[in-house]
Amino acid sequence: MSNYINTNIASFVAQRVLSQQNTALSTSLYRVSTGYRINSGKDDPAGLIASESLRCEQQAIQAAITNISRANNIVASAEGGLVEINNLLVQLEDLVDRSANEAGISQEERDANQLQVDAILESVNRIANNTEFQGRKLLSGELAYTTSGITDSGEYFQNVIINAAKIPSDGARNVTVEVTGSAQLAEMVFAASSVTGGNVTIQVAGNLGSETLTFGSGTKISTMRDAINASRDMTGVSAVVNASGTELHINSIEYGSDQFVTVKVLDGTLADLQAGDHGDNTDFGQDASVKINGVTAITNGLRASMRSSALSLDIDLSAEFGTLATTDSEKVFAITGGGADFMISPTVSLAGQASMGIQAVDTGSLGNAGVGYLSSLATGQSNALSTGNYAQAQRIVRASQDLVSQLRGRLGAFQKNTLETTSNSLSVTYENTAAAEASIRETDFASETATLTRSQILVQSATMTLKLANSQPQTVLSLLN
C-alpha cells in the first residue's frame with residue numbers, strides 16, 4: 001500500500017486505462033454508427049489506400065457500363081432507320097418486278113409505278129438524313145470513316161467499306177493492299193475464225209442461266225460473239241474476239257471461283273473448242289490473292305475482306321488492279337478519321353475503345369460501281385422504269401438490299417458480341433470490386449458489436465477502479481488517529 005498522498009500512482013494508472021478504454025469505445029461507436037471500419041487515415045492507412053483505389057475502379061466500371069448502354073441506344077436508333085429502308089427496298093423490288101411484265105400492264109400503270117419509285121427514293125433519302133441521336137446523324141455518312149490516297153477514278157478500288165478501325169489520336173492508320181495473285185474470269189476458248197464441218201448447236205451456261213444457240217457452217221466468230229452477248233443478261237456469259245480475229249473467248253461476266261462457263265455441244269461438232277481447266281466443257285474463275293497489311297485477306301472474286309481487332313474492311317478491287325493488269329501490285333491509303341468510337345473499358349485507352357463505321361445509306365450510296373446506284377432508278381435517270389432496264393434495276397435494288405442487310409448484321413453483331421458481352425463482364429467485375437472494397441472499408445457488425453460490448457464493460461470496470469484508486473490515500477488518515 002502506498003503511504004504517499006501527493007502522488008497517487010494507482011490513480012494515474014487507472015486514468016490512463018480509462019482513457020484508452022474510452023477511446024476504444026468511441027472508435028467502436030463511430031464504426032457502428034457510420035457502417036465503416038475506416039473513417040480516417042489513422043484507422044488503417046494501407047487499407048485506406050487500397051479501398052480508395054477500388055472505389056475509383058468501381059466508378060470507372062460504372063461509367064463504362066453507362067457508355068455501353070448509350071452505345072446500345074445509338075446502334076438501336078440506327079437499326080430502326082435501316083429497318084424502314086429495308087422495307088422500302090422490298091417495295092421497290094415489287095414495283096420493278098411488276099413493271100417488267102410489260103405486256104401485262106398499261107403505260108399508265110407503269111407511270112404510276114414510277115411515281116411510287118420516286119416517292120420511295122425520296123423516303124430513303126429522308127430517313128438516311130433524319131435518323132439522329134442527340135443531333136448527330138447516324139445514316140448520312142457522318143459516322144463513316146474518312147480516307148486519303150483513294151482516287152475517285154477507280155483505278156485501284158471501286159469501293160472501300162471500312163467496318164471498324166482503331167485510329168491513333170495523333171495520326172492515321174495506313175492500309176497496304178497487295179495483290180499477289182490475279183483474279184480470273186471463267187473462260188472457254190474457240191480457237192478458230194469460223195464454224196467448220198456443218199451446222200452446230202451449243203448450249204452456253206453461266207451463273208445466271210443457260211441459252212441454246214445454233215450456228216451454220218462458215219459462221220464467223222464475230223457473229224457467234226454477238227449472239228452470245230445478246231443473251232448476256234440471261235446467262236451471265238459474254239464473248240470477245242481477240243485482236244487477230246482467230247479466237248473467240250467466252251467468259252463469265254464476273255470474276256471469282258464461284259463463276260463458271262459451260263459450252264456444251266448438243267449437235268454437230270466444234271473441233272476447235274478448247275477444254276476447260278476443270279472439265280471438258282466447263283471452266284471456273286479464280287479469286288484474287290490479296291494481302292492487307294501483310295495479312296492474307298478473304299477474297300471472293302475482286303472483293304477482299306480483312307477482319308482483325310484493329311481493322312475490319314471490305315474492298316472491291318478494280319479489274320485492272322485485281323488482275324495485275326496495272327504496273328502496280330501494291331497500293332497504300334490511309335484511314336484518317338471518322339467512324340463511331342465508343343469507350344467501353346474502365347481504362348481510357350485505344351485498346352478499350354470499340355469503333356465501327358456506319359456508311360451512308362442514301363440513294364447515291366446504295367448499290368455499287370459495278371451495277372449502279374439506287375438513284376439511277378429515279379425519273380429521267382438511266383435505269384428508270386421507262387428505259388426498260390428492268391434486269392439492271394433489279395440487280396441494283398438487290399445490291400442495295402445486300403448493303404443494308406450487311407450493315408444491319410454488323411450493327412447486330414456489334415450489339416450482341418461486343419456491347420452486351422462487355423457489359424456482362426463488367427457487371428461481374430463491378431460486383432467483385434465492390435465486394436473487395438467493402439471487405440476492406442466497411443464495418444463487420446458481428447465483430448464490431450462484440451468489441452463495443454467489451455469496451456463498454458471495460459470502461460465501467462476502469463471507472464470503478466479509478467474510484468477505488470482515488471479513495472486509497474484516505475487510508476493514511478488511520479495513521480493520524
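The lining of the second largest pocket in this predicted model comprises 13 nonpolar, 10 polar and 1 charged residues. Its volume is about 630 Å³. In total, 24 residues line the second largest pocket. Gln158, Asn159, Val160, Ile161 and Gln359 lie nearest its centre. Three elements each give two or more residues to this lining: β3 (145-148), β4 and α7. Strand β4 makes the largest contribution, with 6 residues.

The largest pocket has a volume of about 1300 Å³. Its lining consists of 34 residues. Closest to the centre are Glu254, Gln259, Asn368, Gly370 and Val371. Two or more lining residues come from each of β4 (157-165), α5 (232-235), β10 (248-255), β17 (311-317), β21 (367-368) and α7. Helix α7 supplies the largest share, 9 residues. By class, the lining of the largest pocket holds 11 nonpolar, 14 polar and 9 charged residues. Elements β4 and α7 thus appear in the lining of the largest pocket and again in that of the second largest.

Salt bridges were examined next. Side chains of opposite charge can pair when their charged atoms come close. A search of the whole structure returned 11 salt bridges. One of them joins the side chains of Arg408 and Glu79, with an N to O distance of 3.4 Å. This pair links distant parts of the chain: Arg408 sits in helix α7 (residues 390-441) and Glu79 in helix α2 (residues 45-99), 329 residues apart. Arg408 counts as partly exposed, at 27% relative accessibility.

A salt bridge also forms between Arg398 and Glu93, at 3.1 Å from N to O. Arg398 belongs to helix α7 and Glu93 to helix α2, so the contact ties together parts that are 305 residues apart in sequence. The two partners fall into separate accessibility classes. Arg398 is partly exposed, with a relative accessible area of 42%. Glu93 has 11% relative accessibility and counts as buried, because the cut-off for that class is under 20%.

Asp314 and Arg307 pair through their side chains as well, at 2.9 Å from N to O. Here Asp314 is the buried partner, at 9% relative accessibility. Arg307 has a relative accessible area of 49% and is partly exposed. The limit for an exposed residue is over 50%, so Arg307 remains in the partly exposed class. Elsewhere, Glu52, Arg55 and Arg441 are joined into one network by salt bridges that share partners.

The geometry of helix α1 (residues 9-34) was then checked. Its 26 residues should span 38 Å at 1.5 Å a residue. The end C-alpha atoms are 38 Å apart, which agrees with that expectation. The buried residues of α1 are Ser11, Ala14, Leu18, Gln21, Leu25, Ser28 and Arg31. An α-helix has 3.6 residues a turn, so residues three or four places apart point the same way. Helix α8 (445-471) is included in what covers the buried residues of α1. Gly35 follows α1 and has a positive phi, near 85 degrees.

Key: Residues numbered from 1 in each chain as written. Predicted model: local features only at pLDDT ≥ 70, side-chain atom pairs only at ≥ 80, totals over all residues. Heavy atoms only, no water. Salt bridge = Lys/Arg side-chain N within 4 Å of Asp/Glu carboxyl O. Helix = DSSP H or I, 4+ residues; strand = E, 2+ residues; numbered from the N terminus. Buried < 20%, exposed > 50% of the residue type's maximum accessible area, 1.4 Å probe, protein only. 1 Å grid on protein atoms, 1.4 Å probe; cavity = no way out; pocket = protein on both sides within 12 Å on 5 of 7 lines; lining within 4 Å. Points joined across faces, edges and corners; volume = space filled by probe spheres on them. Nonpolar A, V, L, I, M, F, W, Y, C, P; charged D, E, K, R; others polar. Expected span 1.5 Å × (residues − 1). Contact = heavy atoms within 4.5 Å.
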